[in-house]
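Visitor: I am new to this structure and would like to know what the labels rest on. Please take me through the reasoning.

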Amino acid sequence: MVSETIIVARAVEVALGGNPVLQGVDLDVARGEIVAVTGPNGVGKSTLLRCLAGLRTADAGEIAVLGGPPRDEPAFWRDVAQAGDEPAWYPGLTVREHLELMGAVHSAPRMTVGAALAAFGLEPRADAAPFALSTGQRQRLTLAMTLLRPSRVLLLDEPERGLDTEFRERLAAILRDYAAGGGTVVMATHDPGLAEAVRSRRVVLADGRARSTV
Ligand SMILES: Nc1ncnc2c1ncn2[C@@H]1O[C@H](COP(=O)(O)OP(=O)(O)OP(=O)(O)O)[C@@H](O)[C@H]1O
């Protein structure tokens, strides 16, 4: 079977503050694949993810996501879900209501609010405000909102942030299910255990370039 390529990056270059960060990154990600981008602090993982999300334009090179250049526009975000920095919370809404909001604005949510609360271990805090959650619980809510909405591509920047070991394993299973259903995942991570548990292909960023390891 010929695999469908969902993400293509060719010779991507980005300089930040006058310093070269990405210096010719090539990346191909197939439908149903999970790619874990690793590398030391400051090597450019978040920058690469932002380029794939259309939140930053590369200085040189080409990127295609789902057949076209990534754009920070509603049509693009209908197919692409992203979790990076903590989102802006609605102070008047509870955890459950944040998930209900996601379910209400997307025509075909991937799971019910009840299923999301259960999958992300948020049932005991469903009626709390996000600001009353612990760091790890807020990260669970961020991920639950990202996974509840329909998407074909997931871009995750250090999804393990703040998560305990047990939940990291549960997250790995959630991401494997997403990919098994035809979704494509690119995540930056510092957790080799998570990268292994999702059975990802490992891409190491070094010296501004990407190198596939597994
Ligand atoms: N707005 C900016 N202006 C100048 N330099 C920046 C800016 N944002 C990031 N950088 C620099 O660009 C480089 C790449 O940053 P990036 O956040 O992509 O790294 P990262 O690999 O995701 O790091 P980490 O593992 O710490 O999250 C770093 O050296 C960082 O200091």
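**Labels and the values behind them**

Guide: This is a predicted model. Helix α1, residues 45–52, is a good place to start: seven of its eight residues are buried.

Visitor: Which residues of α1 are the buried ones?

Guide: They are Lys45, Thr47, Leu48, Leu49, Arg50, Cys51 and Leu52. A residue is called buried if 20 or more other C-beta atoms lie within 10 Å of its own. Just after the helix, Gly54 has a positive phi of about 75°.

Visitor: What does α1 lie across?

Guide: α1 lies across β3, β6 (153–157), β7 (184–188) and β8. Its angle to β7 is about 150°.

Visitor: What makes β7 count as mostly covered?

Guide: Five of the five residues of β7 are buried. Thr184, Val186 and Ala188 are on one side, Val185 and Met187 on the other, and all are buried. In general, side chains in a regular strand alternate between the two faces of the sheet.

Visitor: How do you know that β7 pairs with β3 and with β6?

Guide: Two strands pair if there are at least two bridges between them. β3 and β7 have four bridges, in the parallel sense, and β6 and β7 have five, also parallel. The cut-off is at least two bridges, so both cases count as pairs. Val186 of β7 stands opposite Val35, and Val186 is also the bridge partner of Leu155.

Visitor: What makes β3 and β8 a pair?

Guide: Strand β3, residues 34–38, and β8 share four bridges in the parallel sense. With a cut-off of at least two, they therefore count as paired. Val37 has Val203 in β8 as its bridge partner.

Visitor: What is the order of the strands in the sheet, and why are β5 and β9 called edge strands?

Guide: The order is β5-β6-β7-β3-β8-β9, in an open sheet of six strands with mixed pairing. β5 (80–83) and β9 each pair on one side only, and they are the edge strands. On average, neighbouring strands are turned by 20° against each other, direction ignored.

Visitor: Why is Leu66 called partly exposed?

Guide: Leu66 has 16 other C-beta atoms within 10 Å. Buried needs 20 or more and exposed needs 12 or fewer, so a residue with 16 falls in between and is partly exposed. Leu66 lies in the loop between β4 (60–65) and α2 (74–77).

Visitor: Why is Asp207 called exposed?

Guide: Asp207 has 11 C-beta neighbours inside 10 Å. The limit is 12 or fewer, so Asp207 counts as exposed. Its place is the loop between β8 (201–206) and β9 (209–212).

Visitor: What is notable about phi in Leu66 and Asp207?

Guide: Leu66 has a positive phi near 55° and is not a glycine. Asp207, also not a glycine, has a positive phi of about 50°. Most residues other than glycine have a negative phi.

Visitor: Why is Ala88 exposed?

Guide: Ala88 has 7 other C-beta atoms within 10 Å. That count meets the limit of 12 or fewer, so Ala88 is exposed. Ala88 sits in the loop between β5 and α3 (95–105). Its C-alpha atom is separated by 10.0 Å from that of Pro130, 42 residues apart along the chain.

Visitor: Which residues are around the ligand?

Guide: They are Leu16, Gly17, Val21, Gly39, Asn41, Gly42, Val43, Gly44, Lys45, Ser46, Thr47 and Ala188. Three of the shell residues come from α1, the largest share.

Visitor: How do the residues of that shell divide?

Guide: Four are nonpolar, seven polar and one charged. Gly counts as polar here, so Gly17, Gly39, Gly42 and Gly44 are among the polar residues.

Visitor: Where are the domains, and how many residues does each give to the contact?

Guide: Domain 1 covers 1–79 + 151–214, and domain 2 covers 85–149. The contact takes 11 residues from domain 1 and 10 residues from domain 2. Helix α6, residues 165–180, gives four residues to the side of domain 1 that touches domain 2, the largest share. That side divides into seven nonpolar, two polar and two charged residues. The domain centres, taken over C-alpha atoms, are separated by 23 Å.

Notes
Residues numbered from 1 in each chain as written. Predicted model: local features only at pLDDT ≥ 70, side-chain atom pairs only at ≥ 80, totals over all residues. Domains from an automatic or database assignment. Contact = placed C-beta atoms within 7 Å. Near = placed C-beta within 6 Å. Axes fitted to C-alpha atoms, helices over the stretch in contact; angles between N-to-C directions.
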